[in-house]
Amino acid sequence: MASHGVVLLNSWVSSFGMRVMIALKEKGVEYEYREENLIDKSQLLLEMNPIHKKIPVLIHNGKPVCESLIIVQYIDEVWNEKYPLLPSDPYQRAQARFWADYVDQKLYGALGKVLQTKGEEQEAGKEEFVDVLKVLEGALGEKPYFGGEKFGYVDIALVTFYCWFYAYETFGGLNIEAECPKLIAWAKRCMERESVSKSLADPHKAYDFVVGRRKKFGVD
Ligand code: GS8
């Protein structure tokens, strides 16, 4: 298999897949990128992730690793000599995992409500979304990154949603920077890293994708 046996099954729209791309770039791991059509999934994807049938999947030496946060931890453990993503202290590691899990449990659902609904449901989604961002901003505090001085695991878990902010703001009539200035300053700081700026989707392309989805599902 090409690229030292590392293949990523992904879709450009996926903030989960972007996490994996950032982690691989931080580690300097070369890999083969395969774009999946989620409407017509490849046989390889169905074989490699038979349980969820979702991207991202990292295939390393022919064996699949599924679920983005698990993949990022796997990458950190396998390529452990370069740029640690998780802290070494067990308590700090537990904290990092807690916040990454919080992003998945709380942020993802709220943003879906803002992007895929309108009216009352969207208003509730907006409120929930801003509340979650404020909690995350509190967790960041005055630190440059969630883990302290260095870009790491929680930053990777969260920053990939930043490329959708333009769409949330447009559809939700939100000004995220006014609500959460420190969080936006953090996101911009993260975007200065090549691993992040090269992995995130173009916000305008993401916006167009949402326009298409909303039309398709009859929201607009
Ligand atoms: C989520 C992956 C996911 O939702 C992770 O990897 O962290 N918890 C998982 N993947 C979506 C695309 S991104 O919205 C997916 O593959 N969907 C295809 C489907 O549901 O059929």
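In this predicted model, the buried residues of helix α8 pack against five named helices, namely α5 (90-116), α6 (119-140), α9 (176-179), α10 (181-191) and α12 (203-216). Within α8 (residues 165-172), the buried positions are Phe 165, Ala 167, Tyr 168, Phe 171 and Gly 172. These residues lie on the same side of α8, because the arc that they cover around the axis is only 160°. Just after α8, Gly 173 adopts a positive phi of about 60°.

The largest pocket encloses about 1100 Å³ of space. Its lining comprises 34 residues, of which Val 13, Ser 14, Phe 16, Leu 38 and Tyr 108 are the closest to the centre of the pocket. Two or more lining residues come from each of α2 (15-27), α4 (68-78), α5 and α12, and the largest share, 6 residues, is that of α5. Classified by residue type, this lining contains 16 nonpolar, 8 polar and 10 charged residues. The largest pocket lies between domain 1 (3-78) and domain 2 (90-216), because both domains give residues to its lining.

The second largest pocket has a volume of about 330 Å³. Among the 19 residues that line this pocket, Pro 87, Ala 96, Phe 146, Gly 147 and Lys 150 are the closest to its centre. Helices α5 and α7 (153-159) each provide at least two residues of the lining, with α5 giving the most, 4 residues. The lining of the second largest pocket divides into 11 nonpolar, 5 polar and 3 charged residues. Helix α5 thus recurs in the three settings described: it is packed against by buried residues of α8, and it gives the most residues to the lining of the largest pocket and of the second largest pocket.

Note on methods. Residues are numbered from 1 along each chain as its sequence is written. This is a predicted model: local features need pLDDT of at least 70, side-chain atom pairs count only at pLDDT 80 or more; totals for chains, interfaces and linings use all residues. Side-chain values use heavy atoms; hydrogens and water are left out. Buried means under 20% relative accessible area, exposed over 50%, partly exposed in between (1.4 Å probe, protein chains only). The arc is that of the directions from the helix axis to the C-beta atoms. Contact means heavy atoms within 4.5 Å. On a 1 Å grid over the protein atoms alone, a cavity is a set of points where a 1.4 Å probe fits but cannot get out, and a pocket is an open set with protein on both sides within 12 Å along at least five of seven lines; lining residues have an atom within 4 Å of a point. Grid points are joined across faces, edges and corners, and a volume is the space filled by probe spheres set on the points. Ala, Val, Leu, Ile, Met, Phe, Trp, Tyr, Cys and Pro count as nonpolar, Asp, Glu, Lys and Arg as charged, and the others, Gly among them, as polar. Domain bounds come from an automatic or database domain assignment.
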